[in-house]
Every structure is written in structure tokens, then in C-alpha cells.
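Here is a set of exercises to work through with the model open beside you. Try each task before you read its solution.

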Amino acid sequence: MGASDGTVLGLTKIFDSGLPEHRWNLVIVAEGYTAGEQAQFQSDAQDLLDNLLATPPFDEDEVACAMNVYRLDVESNESGADDPDCDGQGSDTYVETYFDASFCADGSTYRLMYGDELHAAGTVNDIFPEWHQIVVVVNSPIRGGAGGGVAWTSTGGTDWLDVFIHELGHSAFELADEYDCQTCLPDEEGRDNYTGGEPIEPNVTVEPDPALVKWNGLVTAGPESPTMENPDCGERNLAPSPVPAGTVGTFEGAHRYHCGAYRPQYDCMMRDSGIAFCAVCLEVVRDFFAPYAIPASSGAVTLDTPSVNFNDVPEGTTTQRSATFSVDSCVPVSFSVRSSVPAPFELVSNATTFAYPSGPTPWKAYVWFRYTGGAPGTSHAGEVRILCNETGEEFTVDLVGNAIERPSVAVQLVFDQSGSMLDMTDEGRTKQEVLRDAAGAFADLLYDDNGIGLNTYDHDAYPVFDVQDAGGVGDGQGRDDLLDEIAAFAANPAGYTAIGDGIELAKERLDDAPGYDEYAMIVLTDGIETADKRIEDVADTVVNQDVFAIGLGAAEQIQPAALDALTDGTGGYLLMTGNLSEDDTFLLSKYYLQILAGVNNNEVILDPEGYLRPRRETRIPFDVTESDIEITATVLAADPRAVDVALETPDGTRITASSAWFDPTIDHRIGSQSVFVRTSLPQVVDGSPVHGGRWHISISLDEERVIGRANDVPDDAWVYGPQTIHGMHYAAAVYTYSNLKLDTTVTQETYEPGTTLTVRAQLTEYGVPFEGYADVRAELLRPNGTETVLVLAETDAGVYETSLTADEPGNYRFRTVADGRTVGEEPFTREHVSTAPVWMGGIDAIRPPRDQDDLCRVLRCLVESGALGKEFRQWLADRGIDLKALYRCLCRERDGGGRPRPDPCIDSVPASTLESIRDQLTDVVEGVSRDERD
């Protein structure tokens, strides 16, 4: 019987604490398990491991992580072990097993069970020569085992898992038995008195005095010598302990003798397998594993980053990088910075020594450095020395950084203040109020180094304030001026619409604002051009500027072909709101913020909205990639001070308002219409980097403020009244300054129903076409309020397209979403909103003519356009109106400065009469226009 009676199947690591050359390696070997019983062995081995790791001190990190555990699957021809007749015990049966395990292995002690140790050791050594201890688990219901370099235990008895740990105490840690008998049978002889010298085992002694015993450093007993004495050496002393449980002293009866040998405590695993190890045995085991729990040599600590590179850090942006070490250690390891850190690099912490707890090896340790991008084009280099205190090895780390231009952007806002801005929207606010709220959110999100200026227009243009840096919240002149002017913004009830005048003034103001890298204007209008100058008069003069336009209203009200032509090719684009409904509270704000993100080279990760309810937290997930440099999470709400916003990292760490107090890479602000958290990447959490992965934006209501405001401020009832029932309406958005970009456009053949709309999206990463995997879709909101999803097909590397026919007039709003995985298998999302306006008649629809005199303009429209037939002219004549005479009277000649020459025909007409005529003729024109469309 033996090697011919089975097969070695293979070795599996079932507990991994590191490289085998640095760990104590235990191998659990199967014996007496047939082919059909291998699953049982695997279960038994796992039970043995679980029980070991739950037993002190193996449940301590510094012990557990000092060892690896392996399982060697061996198939035997038959189950069990030999069970010979042993002085009347045993069934006298024999089985064919691989290691020939047998009870009564010494011929006299029935429960002494072991097999061919040389064969077992040789088998393991051939497969895994790094082993330190072997335990052979024998598939037998009979209780038994033995210690040694190869330990043996059967699965018999309810305590076999503890028996294994007892035997391991002998085999691995050279612990003696602490019980006071050999066979513990009543007629046992020759075990009365131990007469030998001091035992070599650390947990038994011949010294009765606790003060002199070899474990005296652990003694907690009194001066009695011994702590417990056996009064009758002819038998075992079964009396209870005279001292409290856990007391360490000298207890007579050990080393398998009734008297003459002493154990440290009344009871212990080495006395009774159902009891925990005593304090002395615990210390022995801990000391045994200590050499395996520290780096075995300097080679166990490896520097992963000989150079810490701060590549292409945008000007003014602070980022963090680490010197990273791989550590094969089961105990905490610390690193000390041994030299000064060359400026402008600096340590993230004021400390110079950094300790890291152990973990599954090899684990990572970090020494963090910070670098702030200086003037574009500058670069820095230096080195720093870092010592691993436990190994004494010193590492030299190069620090390299360079700054690139983060373009400073000057933005000129252009507000329409014509009379129609006083019109009420279906959403419940006037257009003027909608603009105030949306522009307030824009002001909140400005970067401190953004330049901001403002002008307005109606039938003329008006400077408000020139471009200046936004600056910080509360101390930035540009931001404060903008917020003040937004609050004071008021439409002119008699104002007409000269969009070209507003654009021309905006261009002048941007031209007079040197020192910025990029320039953009954002033009808002809510109506058709009704006064000079028109867009076409000034469009050619707008150069070197990104021009964005927002149409606040329906396509037929604005007829935005000229706006589209204005923005096309400048780097900007046109967005149309359509008729604002009760679901569009934040639509204009989102448009402004998307444009602001674009001019600052930010990307939109997501922009959901919903309702916040008291006592309920809303958590919205989003993905961050290693390409992302900075993220900004924003929440728009009627009262941002009632909203708590936090970012949650992938490991659950929350970045809140208080985080910004001590971390310069975090910015948390509450503005007039929004609250946001901005952080550079990576973030450092407990000394470890947090960058790519699944993040969350967490949003909740400050219930006391909501209820208090609803009760105390009646004027804010529209904001607070519904909150206690329905919740507060919010819109969230997450932006990222990133090397992964999505650019989308919507082109159209005409502006009339039936035109073809083409949605095109392009993904790039680090400036080249995207090479990862992405699904791109366009979520379309049609003019009739129905929604559909269009799938964009990849037509070229990183380019995705789809087309559709726009059959009905109105605003087509596309939310283009790209999600997928980068080349590095990191999940991501990007999205962007685009619009396409369609109206009856397109660019050929009736447009008002272009004279400055409003009444003359209306008449010229009526006469020169041919819109009025002879039947209508006759209808006017029947009522005493000579249209041609009125036209000649009002549309008089102008002087060299373009001003009307004095004419008593018109100058004598009362203003109220002219106003009445204007209103009537305007009604006529609008009626004719409707008839033309119908």
C-alpha cells in the first residue's frame, strides 16, 4: 500500500498573504479521499482554514498575513485509514490509501494515527518546495492524529478542527502537552513525578516559583509558589483553579506528569483542545510568525514610480501624484522623506513620515506630492530621497512637472431687454424672471479666472459693465457685478429688437479686453429682429470669438436662421428653448451652464433632474475615468441653501463642504441659484489615490430651512409651499475637465417641415479619435412632446451619425449620450444637448423690414412686401385710410446722419394716436402672417 494506491491531482492556494518566499507556508494534504470524495476534502480543508483563522492569535492580522495556506488534492483508491487490532481496540481492517495512514501507528496507542511521513513530505516537496508545515487530513470517523514536521489529523470526532490546532502547536511551534497524564486512564502508571531537567519547550517548566519561571514577564499570579500544587502525586489533580481564569503563574501537572512539571495557566489549547491558547503559547506563536510578518529583505519593498510625473498640469490647477511602493509585508510599514522637497513641488501633508497598515500582499504604499501649474510652458525637475524605516533601504525619486495653458476665457453676455421679455411663459414665470434665474446659475459656476462682461439691447445697445475677472465668491468684482446686474435686470416695455446692435457692442467690449486666451459671447433673444442693426449687418465682423446663441421661445417667434448662421463656424452653436412648460424650470440654466462648460473645455458627464423630499437622500451614480482631471458636481434649485450636496468616491468617502476647509484641491460653494462641489483628481483618501470608478453625487434637503421658509416667508410660497408635499425641484449636473471629449452637432438642410436633420457625434481621447468601445444615442424630444431614442452608427473612427425627417414645425431637442469603455476598460458617459428649429415657411417666411422708424417699418412691410392685396387696400379705403398717402407721410426722407427730416405731417400727430395706429397695424400684420402660414 502507498504511492501505487492513488494519484496526486494538484496544488491550490486557498489563503494568500504574499509571495511564498516571504511567508510561512502551510500545506493541507488529502489522505483516504477517493475520486468521488474530493469535494468533501475541499470542504474539510476550507473548514480547517476557517477555524484556524478564527482562533487567536491566528485571527490577528499580523499573524494571519504572515502565512499562506495551500491545499494538495490527492486521490486514494479507498476511503479512510488502516484500523488494526490495537490491544482490543480497532476493527482490524486495512484500506488502500496514498500515504498509508494508520491508527495505533506505534503498535500500542490506538489514537496515535499517522502514515508515511517521508512519502508525504517528498510528495509536497516535489510540487512546492517552499513549504514549512504539512498537515495530512485523513478521511476517517475515528478520532486521532499526531504531530511532527508532518502533522496528521483525522476528521473523526466533533472537535477534530481544534485537534488540528493542538497538533500544529506541537509541529510548528514546539509547544509541549500541558496535560498531566500519558493515557489518562485510571490504572496509568509511571506518570507520578517528572524527574528530568528543564524542558526545552517554552510552555512547561520544572521551576515552581512564578517569580523565577521562564515566562515571568507574563505572570499575573501572586507570590505563592507554585500558584497551584498537586497534593497527591499518585493521581491527577482535578480540583478547580484557586485563582481567576486567565491568571498566569505556575500550575503543577504538565508535560504528561502529575507532579514536578508546571504549566503557565490552569487551562490551555495544549491541555484541552477545546480551550484557547494560554498567554504564553499566544506569545510563542506571535514571536514565531514575526520574521514572516516583516519584509524578509529590502527586496520586499519595491519602488513602482522612480519618477513622479506631473505632466501637462493646467496653469493654476493643483494636482497630486504619489511615489508608489509595492510592499510584501504583513505589518505596517512606514516611509520617511529624508531630503527637502524641491519647490514648487511640496508634500501633501505637513508630516514627513507616513505609516501604512498591512493588507493582502503585495500591497501599495504612497508618499504624496502636490504640484500647481505655473506659467504655461514652464517646467520643473528635482529629486527627493525616501527611506523605508523597517528595511533601512533608501529610494531616490525624481519629481518632474510642466505647466500648460488652461485657456483663460472672456465671456460677454448679451441680454435681450425688448418688451416681449415681460411675456409670461407656460412655466409660470416671465421671460425676464427666467433669464434672471438662469444667468444667476451661470454667475455661480464661473471659474475665478473667467473674464465676464455684460451688455443689453432692445432697439439700441447698452453697455452694462466691461469684461473683468470673475474672482472668488464674495470677493470677485466681476462675479459680484454680474449678480447685481442680473438682480436689477428689467425689460423695456416699449423696446424693440435690434440683435445686431447687441452683438456689435459685445464685440467691441471683447476687443477691448486684452489678456485672455479665448473670447466668447452668448447672445440671448426671444423674438424676431424688429429694428436695425440686424444680425447679417454685423456677422462678418465677429472673428476670433466663439459665438453662442440662445433662442428663448418658439422657432416661429424667433425665426433663428440668422442666429444659426451667426454661430456656425465660430466654435459656438445655437440652442432653442421652445415654449417653456412647467417641466422646463431649469432648461435655460442648463443651456447657459453647458455653454460655460464648453468654453472652459469641460465635458458633461450627466445632467439628471427630479424632486428632493425631506428625510430622503438622492444618490446619483456616474463614472470617472483616468482621463478626467477635475470634476464639478452642480445642483440647481430654487433655494440652494436648503440643499446639501456631497460627492462620494468609489470607496464611499464623502467630499462635503467641510472637506474644502483643509484640502486646496476641493472647492465647495453655494451661489444664488446653485450649489456645487469641485475637486481635482486624483483625490487622496486615507493615503491612497481615488480616481477612476463609480462615483456618486449625493443630494438631500435641509428640512428645517424648507419648512421654516415656507412658514415664515409668504412671498416665497411658490418655492417652498409644495416642498413639504411634492419635494423641491432640482437639476443636477456633473462636468469634467478631461482628455475624453464628446462633440455633437445637428445640421439641417432647410428650416421648413420635411427637412432632414443629421445628428453627428465625435469622441476623442487625448486629441485623437476614440479607440475604445461606445454606444451613442440621441434622446429626441419632438415639438409635439413625444420622445424617441435614435441610435447613432459609427461611420468613422470615433464618429457616429444618424438622420431623421422633421415633419412638423417646432423645436427638436436632442440629448446625445455616449457611454462605453475606454481603451483602458474604464466605463464612462458623456452627453450634450443640441437643438434644431423648424417653422412654416423657413427663411422665406415674412420678415419685418429694416427702417428705424417703427410705424414706417410696418407700413413699408405692408406696401413693399405685397402682403396686402387690393381687396384689403379697398377695405382700408372704405374706412377712410389712404395707405399710400400715409406711407408717404410717415416714411419721409432722412438727413445725412440717418435721422428723419422734420415734417409737420407726422410731427403734429399726437403720440397716443401713433401708438394706437401702430398697435392696429401690428395686429393686421400678424393676422396676415398667420393667414400666409395657414
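**Exercise 1. A pair of charges**

Which residue forms a salt bridge with aspartate 73, and how far apart are the closest N and O atoms? Then work out where the two partners sit.

*Solution.* A quick note before we start: this is a predicted model.

Step 1. Look around the side chain of aspartate 73: its salt-bridge partner is arginine 71, and the closest N and O atoms are 2.7 Å apart. Side chains of opposite charge can pair when their charged atoms come close.

Step 2. Now check the cover. Aspartate 73 and arginine 71 are both buried.

Step 3. Look at what touches arginine 71. Setting aside neighbours within four places in sequence, threonine 12 is in contact with Arg71, and also with Val69 and Tyr70.

Step 4. Place threonine 12 itself: this residue belongs to strand E1 (residues 6-15). Threonine 12 counts as partly exposed because its relative accessibility is 31%, and the buried class stops at under 20%.

**Exercise 2. From a pair to a network**

Find the salt-bridge partner of arginine 815, then say which residues the shared partners join into one network.

*Solution.* Step 1. Arginine 815 pairs with glutamate 831, with 2.8 Å between the closest N and O atoms.

Step 2. Put both ends on the fold. Arginine 815 is in strand E42 (residues 810-821) and glutamate 831 is in strand E43 (residues 827-838), so this salt bridge ties together parts that are 16 residues apart in sequence.

Step 3. Compare the cover at each end. Arginine 815 has 25% relative accessibility, so it counts as partly exposed. Glutamate 831 comes out at 6%, so it counts as buried.

Step 4. Follow the shared partners. One network takes in Lys590, Asp607, Glu609, Arg777, Glu779, Arg815, Asp819 and Glu831.

Step 5. Zoom in on another pair from that list: glutamate 779 and arginine 777 meet in a salt bridge at 3.1 Å, N to O. Glutamate 779 is partly exposed at 24% relative accessible area, and arginine 777 is partly exposed too, at 26%.

Step 6. For the wider view, count them up across the structure: there are 35 salt bridges.

**Exercise 3. Charges on the surface**

Which residues gather in a patch of negative charge on the surface? Pick glutamate 189 and decide: buried or exposed?

*Solution.* Step 1. The patch is made up of Asp187, Glu189, Asp192, Asp232 and Glu235.

Step 2. Find glutamate 189 on the chain: look in the loop between helix H4 (160-171) and strand E7 (251-254).

Step 3. Glutamate 189 has 69% relative accessibility. The exposed class starts at over 50%, so glutamate 189 counts as exposed.

**Exercise 4. Backbone oddities**

Where are the cis peptide bonds before proline 226 and proline 344, and which residues other than glycine have a positive phi?

*Solution.* Step 1. Know what to expect: most residues other than glycine have a negative phi, and most peptide bonds are trans.

Step 2. Go to serine 225 and proline 226, which are joined by a cis peptide bond with omega about -5 degrees. Proline 226 is in the loop between H4 and E7.

Step 3. Do the same for alanine 343 and proline 344: here too the peptide bond is cis, with omega about 5 degrees. Proline 344 is in the loop between strand E12 (333-337) and strand E13 (346-347).

Step 4. Turn to phi. Aspartate 100 has a positive value, near 55 degrees, and cysteine 104 has one near 50 degrees.

Step 5. Locate them. Aspartate 100 is in the loop between strand E3 (67-76) and helix H3 (117-127), and cysteine 104 is in the loop between E3 and H3 as well. Aspartate 100 is partly exposed at 28%, whereas cysteine 104 is buried at 7%.

**Exercise 5. Apart in sequence**

How many residues separate glutamine 559 and proline 837 in sequence, and what is their C-alpha to C-alpha distance?

*Solution.* Step 1. The two are 278 residues apart in sequence and 8.1 Å apart in space.

Step 2. Glutamine 559 is in the loop between helix H10 (555-558) and helix H11 (561-567), and is buried, with 8% relative accessibility.

Step 3. Step back to the whole protein: among contacts between residues at least 6 apart in sequence, 70% join residues at least 24 apart.

Definitions and conventions. Residues are numbered from 1 along each chain as its sequence is written. This is a predicted model: local features need pLDDT of at least 70, side-chain atom pairs count only at pLDDT 80 or more; totals for chains, interfaces and linings use all residues. Side-chain values use heavy atoms; hydrogens and water are left out. Patches are made of residues with over 30% relative accessible area and no salt bridge: like charges are joined within 9 Å, nonpolar side chains (Val, Leu, Ile, Met, Phe, Trp, Tyr) within 5 Å. Accessible areas come from the Shrake-Rupley method with a 1.4 Å probe; for residues, only the protein chains shown count as cover. A salt bridge is a side-chain nitrogen of Lys or Arg within 4 Å of a carboxyl oxygen of Asp or Glu. Lys and Arg count as positive and Asp and Glu as negative; His and the chain ends are not counted. The place of a charge is taken as NZ of Lys, CZ of Arg, CG of Asp or CD of Glu. Helices (H or I, at least four residues) and strands (E, at least two) are DSSP runs, numbered from the N terminus. Buried means under 20% relative accessible area, exposed over 50%, partly exposed in between (1.4 Å probe, protein chains only). Contact means heavy atoms within 4.5 Å.
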